[in-house]
Each structure stands twice: as structure tokens, then as C-alpha cells.
Amino acid sequence: MATIRCDIVSAESEIFRGTAQMVIATGEMGELGIAPRHAPLITRLKPGQVRVLLEGGEEQFFYVSGGMLEVQPNLVTVLADTAIRARDLDEAAARNAKAEAERALADRSDALSVAQAQAQLAQAMAQLQALEKLRRTLKR
Amino acid sequence: MAGAREIRTKIKSVHNTRKVTGALEMVSASKIRKAQDLMRASRPYARAMRQVIGHIARANTEVKHPFLVAREEVKRVGYVIISTDRGLCGGLNSNLFRKMLREIRSWHEKGVAVDVVCIGQKATQFFRRLDVNMVGSVTHLGERPQIAQLIGVIKVMLDEYTAGNVDRLSLVYNDFINTMTQKATIDALLPLPPSDDIASVHGWDYIYEPDAESVLEHVLTRYIESLVYQAVLENLASEHAARMVAMKSASDNATKAIESLTLVYNKARQAAITQEISEIVGGAAAV
């Protein structure tokens, strides 16, 4: 019986590797069943199940939170996302990164004011010490 | 015996320092292994990704994505700089920053502005003081960095690139070669270097769902993300390795310091005893 090689990987780990009779996944345009010698295809995946029909008729299920599916005549590659991705979520993440940078840049003024405060403190201390000395000499 | 007492306190404090550096060394040694495991686990994805990119490069893609097209005029360049969050790791960060500073200077001489995004506390603290435009930053990734933490900074840069603000994008990190060696590395990210394969020998193309442009965009973005993620892991392993080596030499130095201090202490003690005896003998003779 014809089989197809199937790799399911995410950026953080390898999820599945083996041969299958058929791979069923939820593409952006609908359910996809990939049998051996399928035409080359590349599509985005929606969050959902990837079902792998193994040679013995056994089935394995994997949940992916989105990703890509690439089909070559004898190979199916699922590049699963590890995080839930959506345009607005990504944008929120980008905004956070920008805000973080701005915060770090704003910190510079804080660091500066700390240094200024320290300088002023040192000055005040020196003045106090001078006063103390003066007082002692006056007492004598 | 006032001197001897001071020396004894000093010896005790060096002892304590050595305890701390010894502990840090052992912690780092165990963390290197974990970081290397993470690196290994992320490799299959990168391999599969490269395969897909290779297939795309060979196929007759009907659209040319901006990530694949080199721009002739370079007015502004972008860098993704990866550093550690914590110090005590020898010259790891400073070597990287020095290399980066040279790069920035050479761009400035050509009249090209530099944008950076920083990953890690040390880079954020360092580059905010420089004459570069910091557009994004993320810190405290922890021992198990996840792609989700990096999406934001990467998107900031990719958006800049797509919008045409940045004409070139590079990745700056410490490459983990082995425990003793880490190499400060600057890799080109965008535009993607052209593949060596002669394009479209087969003359086939994918079926794209929903359409070539958005699929390509998706693949290339994920590819860049996986490259940055890998670099973060390399840098993490480098951090632990560098810290282990730094702490080992600190422990060795502490041992040496203790030895020489002990010698000085014994001499001081001996001198005090000798002096005491000679005083007693002198006193007895006087009587």
C-alpha cells in the first residue's frame, strides 16, 4: 500500500515523524485529506486537529494552534505554531515590545536624576560637615 | 596582633566568595545541558523550514515577496541584538557589543542610520545610551525562552522593513561553538540571501491556499522567527558556558588569594609570637 512520509514539528520540539496512509488537517480553506502522491500544495492551517492515519489503520491526533502545511508528492510537513497567533495578537505583542523600548529609554532620565540627586546629597553632606566643624571651633 | 585579625577576616570573606562562585559554576554547568537540549529540540523545525523555503525557491512563484528582493539604496539598517539578562558571564556581552559598535560606526561613516531591537536586559541598558534608534525591546526571557515572547520585537522590525524604513536586517548574537568558545556573530536576515539552486528547473509550482502572496508572507515570517529563536537559544547556551568559565577562574583566583593570605597571616602570627618571647626574655634579663 502506498504511504507518505509525515513530519509534524513545532519550533520548540519535534511532535511526530513517521509514515502514514493519510494526513487530515484543517486548512484555511477547509478540511484537507492528503494521500500519497498528492500534488504539491502549501497552505496555512487553522487551529485544530491534525489526524494521522498510520499504516496499521491506527489513528493519531495532534492539536495545533495554527501553522503551515506543505505537501510534496511523498512528504507532508506540518510546521505547527507554538503560540496562538492572530493579526491583532501579533500587533499587540509588537506594541508591547515598542512600549518596553520606550520605557527603557525613559529610564535614562531616571538614571540621570538619580545621579543628580546623589551629587546634591554629597554636596549637602559636605556642607553639613563644614557646619559641624565650624560649630566646634566656635565652642572652643 | 591587630594585623593578623584583619587578615583572618579577609580570608573568611574570600572563602565566602569562593563558595558563591563555586555554586554559580555548578549551576551554570547543569544549565548548559538544558540549553543544549533546547537547541537540539528546535532543530527539526528549522530543518523542515529550510526545506520548505528551498522548495519555494525552486518552484515558479508568481510573486516576488519584498523579503526576497535586495534593495539597491541603503538608508537605514536594522539589527536584532540578543544579549543576556544577567551579568557575571565574563566578556560575553561586551565582546558582542564591541563588535556591534564597530558595525554601527562604519554605517554612520557612510551616513546610514541604525535601528535596533534589543532582546535581553544587558543590550537594552547598553544601546539606550547610544546614538541609535531603539524601536523595540524584550527582557527576562527566562531559562526556557518561547517564540511567543519574541513575536513582538520581530514584528516591529519586519514591519519597519516592509514599510521601507529599514533596508537591511541583521541578527547579532553569540554563537555557541563549545563550552570554551562562543563567537560574537552578525548574520544577515533580510533580504534573504538567494538560494544556490537554479530556479525553476522543474517548472512546477505549488497549489497555494488561499493565495501565493499571503502564504509566502506567512512562511517567510515564520522562518525569520525561527532563526531569531535559534539565535536566542545559542545565546542562552553561550551565556551559561561563559558564566561557568568565568566562575571557574574566579574560584581559582579565590583559592590562590586564600593561599597567599594564609601565608601572610602565619608570618604575622609568628612575628607576634617571636616579639612576645623576646620581650619576656628581655624583661627577665633586666631583672
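## A first look at two chains

B:Ile258 is found in helix α5 of chain B, which covers residues 212-286. Before going further, keep in mind that this is a predicted model. Is B:Ile258 buried or exposed? With a relative accessibility of 9%, B:Ile258 counts as buried, because buried here means under 20%. There's also a link to a distant part of the sequence: B:Ile258 and B:Arg18 are 240 residues apart along the chain, yet their C-alpha atoms are separated by 9.5 Å.

Now for the salt bridges. How many are there over all chains? The count comes to 14 salt bridges. Here are three of them, with the distance between the closest N and O atoms.

| Salt bridge | Closest N and O atoms |
|---|---|
| A:Arg17 and A:Asp7 | 3.7 Å |
| A:Glu91 and B:Lys155 | 3.8 Å |
| B:Asp37 and B:Arg40 | 3.2 Å |

Let's take them one at a time, starting in chain A. A:Arg17 forms a salt bridge with A:Asp7. A:Arg17 sits in strand β2 (residues 13-20) of chain A and A:Asp7 in strand β1 (residues 4-10) of chain A, so this pair ties together parts that are 10 residues apart in sequence. The two partners have their own surroundings: A:Arg17 is partly exposed at 46% relative accessibility, while A:Asp7 is buried at 9%.

Next comes a pair with one partner in each chain: A:Glu91 forms a salt bridge with B:Lys155. Why does this pair join two chains? It does so because A:Glu91 lies in helix α1 (residues 87-139) of chain A, whereas B:Lys155 lies in helix α4 (residues 147-163) of chain B. A:Glu91 counts as partly exposed, with a relative accessibility of 33%. B:Lys155, on the other hand, is buried, with a relative accessible area of 16%.

The third pair stays inside a single helix. Both B:Asp37 and B:Arg40 belong to helix α1 (residues 2-58) of chain B, and they're three residues apart, about one turn of the helix. B:Asp37 has 40% relative accessibility and counts as partly exposed; B:Arg40, at 48%, counts as partly exposed too. Back in chain A, salt bridges that share partners join A:Asp7, A:Glu14 and A:Arg17 into one network.

Chain A also has a hairpin to look at. Which strands form it? They're β3(A) and β4(A), with two residues between them. Strand β3 covers residues 22-27 and strand β4 covers residues 30-34 of chain A, and the two pair in the antiparallel sense over five bridges. If you'd like to trace the pairing on the structure, start from A:Val23: its bridge partner in β4(A) is A:Ile34. As a general point, side chains in a regular strand alternate between the two faces of the sheet.

Finally, turn to the surface of chain B. Which residues form a positive patch there? The patch is made up of B:Arg98, B:Lys99, B:Arg102, B:Arg105 and B:Lys183. Its largest share, four residues, comes from helix α2 (residues 92-109) of chain B. B:Arg105 is one of the patch residues, and B:Arg105 lies in that helix, α2 of chain B. Its relative accessible area is 51%, so B:Arg105 counts as exposed, the cut-off being over 50%.

Conventions
Residues numbered from 1 in each chain as written. Chains lettered and ligands numbered in written order. Predicted model: local features only at pLDDT ≥ 70, side-chain atom pairs only at ≥ 80, totals over all residues. Heavy atoms only, no water. Patch = residues over 30% accessible without salt bridge, like charges linked within 9 Å, V, L, I, M, F, W, Y side chains within 5 Å. Areas by Shrake-Rupley, 256 points an atom, 1.4 Å probe, with all protein chains shown as cover. Salt bridge = Lys/Arg side-chain N within 4 Å of Asp/Glu carboxyl O. Lys, Arg positive; Asp, Glu negative; His and termini not counted. Charge placed at Lys NZ, Arg CZ, Asp CG, Glu CD. Buried < 20%, exposed > 50% of the residue type's maximum accessible area, 1.4 Å probe, protein only. Pairing = 2+ DSSP bridges.
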